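Ready for a few short exercises? Take a look at the model first, then work through the tasks at your own pace.

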Amino acid sequence: MRENKPYKLIQALANGQFCSGEHLAQLIGVSRTTVASYINKYTQLGLDIYKVKGKGYRLAAPISLLDFERLTLTLPENSPVVIEQVDSTNAWLMKNLNQLSHGQVVLAEFQSAGRGRRGRAWQTPYAGQLCMSLLWRLQDGIEAAMGLSLAVGLAVVEALEQAGYSNLGLKWPNDIYLDGKKLGGVLIELQGHANSEVSLVVGVGVNVRVDEERAKHIDQLFTQLENDPNQILDRSQLACLIVQSLNQMYAVFREQGFSALQERWNRYDVFKNQPVSLRFSENKVLQGLAKGVDQQGQLILDTDEGEQVYMAGEVSLRGQ
């Protein structure tokens, strides 16, 4: 990460302890007035920062910032880039495709324009989410990428299990669940042609901690990894586990396709054998019994007309 004086300030406050304005000014090499402007900047990004006369500034709760050096040492083949603020990690990779190599990963503390499925805004609190994107290249055209978003979700869930979490699940095709609620998601963007090399930008977002104010603007049931403000999750450690899991998954996917991962994915399917609605548009909805996914990652739906498979659509439990 390039020299960033405001980021030095938040690094000094990350442990949740008081730090005087004078000390912060000396540490960063700026005036007290500039320190106050930096504090205001982070408040605008959603961080709750107290100011107490005679003590200085402190965060309402500690935060875990990304550790560039540890990421670089643990993930040398992925050449990690850490950006404090970005519109979206996917957009950053898309803009820089021609200068980057296969495996490149970029992570951000804050996304101002993160996106979920169907272009929906994806809420990203400062240091409150693990948001990253990886660049992969496939040599066999767009068709070779079939089922990739499911494979990515599977890799994330398996990494979370390795980190000690349980009751995890997957919702076709892109959502990651914990305790029956949405924890995160996958967004894949492609650039290439049917029979040539394809560049795949693989975005992953996982909720770590979402403050109450931001939670009011999320229009679905969701959950997060941190629920105890005194237990701070190490976001760098989790990022390393997830990227390592993605690297291993990609090696299998490149050689064997999604079929080698189908059984593993179906074990985590939160809607398997549940009555669901599959929405294609505002006016087109199909109902049936979800039966997992096939070897291409297509949804199998048991309908009045028998079993059908679908490549796209949005699934919800019937009645929701």
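Below are four exercises on this predicted model, each with a worked solution.

**Exercise 1. Overall dimensions**

Task: Decide how the radius of gyration of the protein chain agrees with that of a compact globule.

Solution:
- Start with the inventory: the protein chain has nine helices and 14 strands.
- For 320 residues, a compact globule would have a radius of gyration near 20 Å; the protein chain has 21 Å, so the two agree.
- Next, look at the extents: the C-alpha trace spans about 75 × 45 × 35 Å along its principal axes.
- Finally, check burial and contacts. Buried residues account for 50% of the 320. Of the contacts between residues at least 6 apart in sequence, 64% join residues at least 24 apart.

**Exercise 2. The nonpolar cores**

Task: Find which residues touch the most other members of the largest nonpolar core.

Solution:
- This core holds 60 residues, and those touching the most other members are L130, M132, W136, V152, I242 and M249.
- Pick I242 and set aside its neighbours within four places in sequence: I242 is then in contact with L130, M132, V156, A159 and V206.
- A second, separate core has 24 residues, including L13, V30, V35 and L65.
- As background, nonpolar side chains in soluble globular proteins tend to be buried together.

**Exercise 3. An open sheet**

Task: Work out why strand 13 and strand 14 each have one side without a neighbour in the sheet.

Solution:
- Write down the strand order of this five-stranded open sheet: 13-12-11-10-14, with antiparallel pairing.
- Strand 13 (306-310) and strand 14 (314-317) lie at the edges with a single partner strand each, so one side of each has no neighbour in the sheet.
- On average, neighbouring strands here are turned by 45 degrees against each other, direction ignored.
- Now follow one pairing: strand 12 (residues 299-303) joins strand 13 in the antiparallel sense over five bridges, and L301 has Q308 in strand 13 as its bridge partner.

**Exercise 4. Around strand 7**

Task: Say whether the residues on the two faces of strand 7 are buried or exposed, then trace its pairings.

Solution:
- Take the faces of strand 7 (residues 175-178) in turn: D175 and Y177 on one side are buried, as are I176 and L178 on the other.
- Strand 6 (residues 168-171) pairs with strand 7 in the antiparallel sense over four bridges; L170 is matched with I176, and a hairpin of three residues connects the two strands.
- Strand 8 (residues 181-192) also pairs with strand 7 in the antiparallel sense over four bridges, with K181 as the bridge partner of L178.
- Two residues separate strand 7 and strand 8 in their hairpin, and D179 in the turn has a positive phi of about 55 degrees.

Conventions: Residues numbered from 1 in each chain as written. Predicted model: local features only at pLDDT ≥ 70, side-chain atom pairs only at ≥ 80, totals over all residues. Heavy atoms only, no water. Core = buried A, V, L, I, M, F, W, Y, C linked by side-chain atoms within 4.5 Å. Buried < 20%, exposed > 50% of the residue type's maximum accessible area, 1.4 Å probe, protein only. Contact = heavy atoms within 4.5 Å. Pairing = 2+ DSSP bridges. Axes fitted to C-alpha atoms, helices over the stretch in contact; angles between N-to-C directions. Rg over C-alpha atoms; globule rule 2.2 N^0.38 Å.
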